[in-house]
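Q: Hi! Could you walk me through this one while I have the viewer open?

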There are 2 protein chains.
Amino acid sequence: MTFIKEYNFKKTLNTSISCDKCRLGRLCLPDGLNKNQMSKLDKIISRKKPYQRGDYLFRNGDILHSVYAIHSGSIKTYSMQNDGKIQINGFLLSGEIAGLEGIANNCHSVDAVALETTSVCEIPFKQLESLSVEIPKLQHQMFKVLSNEIKHEQTLASLLGRKTAEQRLAAFLLSLSLRFECRNFSANTFNLSMSRSDIANYLGLAVETVSRIITRLSDNKILSVKRKMVSIYDKKKLYQMAGIISQPPNVIRKTGT
Amino acid sequence: MTFIKEYNFKKTLNTSISCDKCRLGRLCLPDGLNKNQMSKLDKIISRKKPYQRGDYLFRNGDILHSVYAIHSGSIKTYSMQNDGKIQINGFLLSGEIAGLEGIANNCHSVDAVALETTSVCEIPFKQLESLSVEIPKLQHQMFKVLSNEIKHEQTLASLLGRKTAEQRLAAFLLSLSLRFECRNFSANTFNLSMSRSDIANYLGLAVETVSRIITRLSDNKILSVKRKMVSIYDKKKLYQMAGIISQPPNVIRKTGT
DNA sequence: CGAGGGATTGAATTCATTCAATTCTTGTGG
DNA sequence: CCACAAGAATTGAATGAATTCAATCCCTCG
């Protein structure tokens with residue numbers, strides 16, 4: 001298994017994590033827990049040496065030992081389709097939890113790989129379950145996190161099903177922008193940790209299409225992308241393009257079917 | 001609120017549900033619970049008068065009071081996009097749980113409407129949470145159900161992102177076939193409870209495209225669809241078309257980005 | 001039995017892809 | 001430190017799959 005760089009050989013640097021002191025606060029799993037509850041959670045979490053770009057957190061088929069909260073950096077998850085092609089399922093930023101899709105069968109169903117130097121809190125799942133029985137609020141948080149992931153995937157599905165290439169890319173960039181803003185990074189200037197072809201794959205587009213749209217958006221002074229660095233100039237316009245209107249249309253609810 | 005047919009006016013027919021006696025068995029939430037645990041679950045579940053075609057289980061924006069296990073029949077869930085268009089998020093059959101995407105914000109984010117006469121087990125969510133603390137196995141089941149839903153949505157996303165119209169429809173029909181089979185219905189002859197335009201919308205296609213593909217599949221003797229009744233003649237071929245090969249290609253794992 | 005929605009079929013159009021060529025970056029070894 | 005190789009990104013032209021528009025057909029239900 002030498003092809004997996006450093007896989008499974010990371011040494012634990014620091015088993016005494018402190019969620020209480022983590023700047024992620026409300027963005028991560030322990031949101032809403034009190035200090036005592038957090039310290040119980042701390043005890044089961046371990047932080048390992050940061051992953052480097054290309055390192056795997058886990059691989060499709062691995063037994064699900066843990067779920068992983070991204071502490072800093074970013075990862076992508078992907079799986080291989082039956083036709084041998086890769087499908088990127090998502091990009092995760094700090095505070096987001098990787099591995100949740102593995103719970104169903106106690107076995108990871110995607111590969112998770114670091115896009116940059118990434119620090120991760122590993123949470124052994126069995127222990128997390130036990131603790132969730134002990135701390136109802138933690139169970140509730142888990143339900144919320146899982147439900148949020150479902151909503152997120154539903155949003156993605158409707159993006160892929162109904163939107164034009166331009167709308168998809170606009171929505172993708174705005175989603176990133178929003179997520180960076182929540183993390184106290186700049187909403188208008190940020191770095192893409194993923195390649196154009198990663199973005200294209202995720203959005204169900206060809207690389208060339210993504211490239212062309214970026215060029216068009218740049219020409220229209222809506223944003224600029226220099227290599228990996230995105231600068232958004234006209235966010236309002238970008239929202240319009242994404243088909244996301246701040247003020248939703250006042251539509252009469254129709255009765256179904 | 002007269003536009004919502006019978007909404008919220010259903011009378012409880014039978015509060016003494018028995019999961020133990022339900023034929024759904026392993027397909028539903030109580031899978032793996034013992035009799036004692038099931039009877040505890042029974043106590044919080046209520047079964048109402050069946051919903052008729054077009055009746056809503058809940059609506060986008062409603063407070064999440066309960067999640068709903070389909071007992072018989074089928075429903076669809078959908079939401080309205082910012083552009084005023086409808087997006088169908090899924091079709092649920094017996095044993096499947098509706099409302100999970102509402103947990104994140106304690107508020108339903110889709111409309112759920114019966115596609116035919118449908119009987120439903122209503123599970124008050126707060127009580128379900130309490131019981132899940134008391135019965136760790138039930139908590140585990142909830143985690144599994146939620147995780148499964150995430151996987152399902154991921155599969156849908158990659159269907160919408162990368163597959164041709166033909167592959168999408170083939171995969172959709174096979175997925176239905178499989179789900180009917182699990183429920184001890186015929187895998188090769190079954191009834192579509194949803195319209196062509198529902199299918200098209202769900203799959204990110206135009207109705208005309210769905211229609212044309214059905215015609216083509218019929219011409220090729222792979223299946224026939226008479227109005228709503230599907231008969232699959234050549235399932236192997238259908239799997240091939242869907243890009244789902246029984247024996248996955250023996251591909252060397254590549255190291256990521 | 002007739003009306004109206006659902007489904008099908010045909011023709012023209014379009015958005016995104018594919019193929020192909022070039023430019024730009026980045027990392028590595030001499 | 002520079003040169004060069006290899007991957008990443010961009011640009012252009014031709015192609016194609018699915019959509020849109022339009023017309024017709026077929027059920028179902030009142």
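A: Happy to; we can take the DNA contacts, then a strand pairing, then the nonpolar cores. Keep in mind that this is a predicted model.

Q: Good to know. Which residues are closest to DNA strand C?
A: A165(A), T209(A) and R212(A) from chain A, along with S211(B) and T215(B) from chain B. They belong to a set of 18 residues that surround the strand.

Q: And how much of the DNA side of that is sugar and phosphate?
A: Of the atoms of DNA strand C that come within 4 Å of the protein, sugar and phosphate make up 64%.

Q: OK, give me some phosphate contacts on strand C. What distances do you have for A165(A)?
A: A backbone N or O atom of A165(A) is 2.5 Å from a phosphate oxygen of DNA strand C. A206(A) also uses a backbone N or O atom, at 3.1 Å from a phosphate oxygen of that strand. From chain B, R196(B) brings a polar side-chain atom to 3.0 Å from a phosphate oxygen of DNA strand C.

Q: Which elements give two or more residues to that surface?
A: In chain A, α6 (207-219) does. In chain B, both α5 (196-202) and α6 (207-219) do. The largest share comes from α6(B), with 4 residues.

Q: How does the surface near strand C split by class?
A: There are 8 charged, 7 polar and 3 nonpolar residues.

Q: Let's switch to DNA strand D. Which residues come nearest there?
A: Look for S211(A) and T215(A) in chain A, and for A165(B), T209(B) and R212(B) in chain B. Here too, 18 residues lie around the strand. Sugar and phosphate supply 61% of the atoms of DNA strand D that come within 4 Å of the protein.

Q: What about the bases? Where does R212(A) reach on strand D?
A: A polar side-chain atom of R212(A) sits 2.9 Å from a base nitrogen of DNA strand D. R212(B) has a polar side-chain atom 2.8 Å from a base oxygen of DNA strand D. For a phosphate contact, see A206(B), whose backbone N or O atom lies 3.0 Å from a phosphate oxygen of DNA strand D.

Q: Which element gives the most to the surface near strand D?
A: That's α6(A), with 4 residues. At least two residues each come from α5 (196-202) and α6 of chain A and from α6 of chain B. By class, the surface near DNA strand D has 3 nonpolar, 7 polar and 8 charged residues.

Q: Changing topic: which strand pairs with β10 in chain B?
A: β10 (residues 189-191) of chain B pairs with β12 (residues 229-232) of chain B, antiparallel, over 3 bridges. Within that pairing, T189(B) has S231(B) as its bridge partner.

Q: What does β11 do, then?
A: β11 (residues 223-226) of chain B also runs antiparallel to β12(B), with 4 bridges. S224(B) stands opposite S231(B) there. The hairpin of β11(B) and β12(B) has 2 residues between the strands, and R227(B) takes a positive phi near 55 degrees.

Q: Last one: how many residues are in the largest nonpolar core?
A: It has 80 residues, and F172(A) and F172(B) have the most contacts inside it. Beyond its neighbours within four places in sequence, F172(A) is in contact with F91(A), M194(A), I199(A), Y202(A) and L203(A). Another core, of 56 residues, lies apart from that one and includes L41(A), C121(A), I123(B) and L128(B).

Methods: Residues are numbered from 1 along each chain as its sequence is written. Chains are lettered from A and ligands numbered from 1 in the order in which they are written. This is a predicted model: local features need pLDDT of at least 70, side-chain atom pairs count only at pLDDT 80 or more; totals for chains, interfaces and linings use all residues. Side-chain values use heavy atoms; hydrogens and water are left out. A residue is near a molecule or strand if one of its heavy atoms lies within 4 Å of it. A polar contact is a pair of N or O atoms within 3.5 Å; within protein, one must be able to donate a hydrogen and the other to accept it, and residues adjacent in sequence count only if both atoms are side-chain atoms. Ala, Val, Leu, Ile, Met, Phe, Trp, Tyr, Cys and Pro count as nonpolar, Asp, Glu, Lys and Arg as charged, and the others, Gly among them, as polar. Two strands pair if DSSP finds at least two bridges between them. A nonpolar core is a set of buried Ala, Val, Leu, Ile, Met, Phe, Trp, Tyr and Cys residues joined through side-chain atoms within 4.5 Å. Buried means under 20% relative accessible area, exposed over 50%, partly exposed in between (1.4 Å probe, protein chains only). Contact means heavy atoms within 4.5 Å.
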